[in-house]
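Colleague: Please take a close look at one part of this model, the largest nonpolar core. Which residues touch the most other members there, and which elements supply them?

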Amino acid sequence: AYTAAALSYLVQNAPKPIVLTGSQKPMSAPVTDAKKNLLDSLRFAVQNDVHGVYVVFDGKAIVGTRARKVRTKSYSAFESINYPIAAFIDGSQVFRYVGCEEADPKVCFYHTLVPRVFPLKLMPGITPDILRYIGEHYDAIVIEGYGVGGLPFQGDQNFLDALETLTRKGKLVVLALLLAIIPFADPIHTEGKLKDLALWIFFVQFRFPLKGHFRLNQKQSFG
């Protein structure tokens, strides 16, 4: 899933399918899912008008920026987070549920990723002191807030003031959702106080996918 997400940013407007797969058990094992996953990947990849990055696993084709491993032993190891399964593969039949966006005629390759991004998971009792260290050593911070994006903002747990200081220094702040599956992006629970701050905060599901995977190919996307 991490590789698929990275490739979605590194190879943008890909005119051909880039399919990643694997297995929970090796192909040499008497009982394995490797052969099925490999055949499913080939069946999906040869479909008309398929392009972009996908993870194919257990009969499901998942958009690369939406794939997340949720099980360690089950054959159904991956799920699509907050986005429909692109296609189901059942034997020789492929049932596509999400069409591909029209690809830009010019593919764009990137060769580097920025590693100076810090993911911070909030927990009860955490104080914003940690943000000072993060601001000194990282260019961006992804905060996994409470519920649908709550941030503590009172007393010695006032994250809003500390985040405003970071953004003034040119740091990118991304507020992610604790919930893996949510039907909409709800305003964060700060009783309206966030709107008074000059913070650029993007509401995104954990691991950075935007609301529509095709937006990752636009110049204004981030990654």
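Modeller: A nonpolar core is a set of buried Ala, Val, Leu, Ile, Met, Phe, Trp, Tyr and Cys residues joined through side-chain atoms within 4.5 Å. Buried here means under 20% relative accessible area. The model is a predicted one.

The largest such core has 15 residues, and those that touch the most other members are L120, L122, L131, I141, I143, L151 and L163. At least two residues of this core come from each of α3 (129–137), β11 (140–144), α4 (159–168) and β12 (172–177). Helix α4 gives the largest share, four residues.

I141 can serve as an example. Leaving out residues up to four places away in sequence, I141 touches F118, L120, L131, I134, L166, L172, V173 and V174. A second core, separate from this one, has 12 residues, among them Y54, V56, A61 and I89. In soluble globular proteins, nonpolar side chains tend to be buried together.

Now for the surroundings. The protein chain has 223 residues, of which 43% count as buried, and its secondary structure comes to four helices and 13 strands. One open sheet has five strands in the order β2-β3-β4-β7-β8, and its pairing is mixed. Its edge strands, β2 (17–20) and β8 (93–96), each pair on one side only. Within this sheet, β3 (residues 52–57) and β4 (residues 60–63) run antiparallel and are joined by four bridges; V55 has I62 in β4 as its bridge partner. Helix α2 (residues 34–45) lies across β2, β3, β4, β7 (87–90) and β8, at about 145 degrees to β3.

Notes
Residues numbered from 1 in each chain as written. Predicted model: local features only at pLDDT ≥ 70, side-chain atom pairs only at ≥ 80, totals over all residues. Heavy atoms only, no water. Buried < 20%, exposed > 50% of the residue type's maximum accessible area, 1.4 Å probe, protein only. Contact = heavy atoms within 4.5 Å. Pairing = 2+ DSSP bridges. Axes fitted to C-alpha atoms, helices over the stretch in contact; angles between N-to-C directions.
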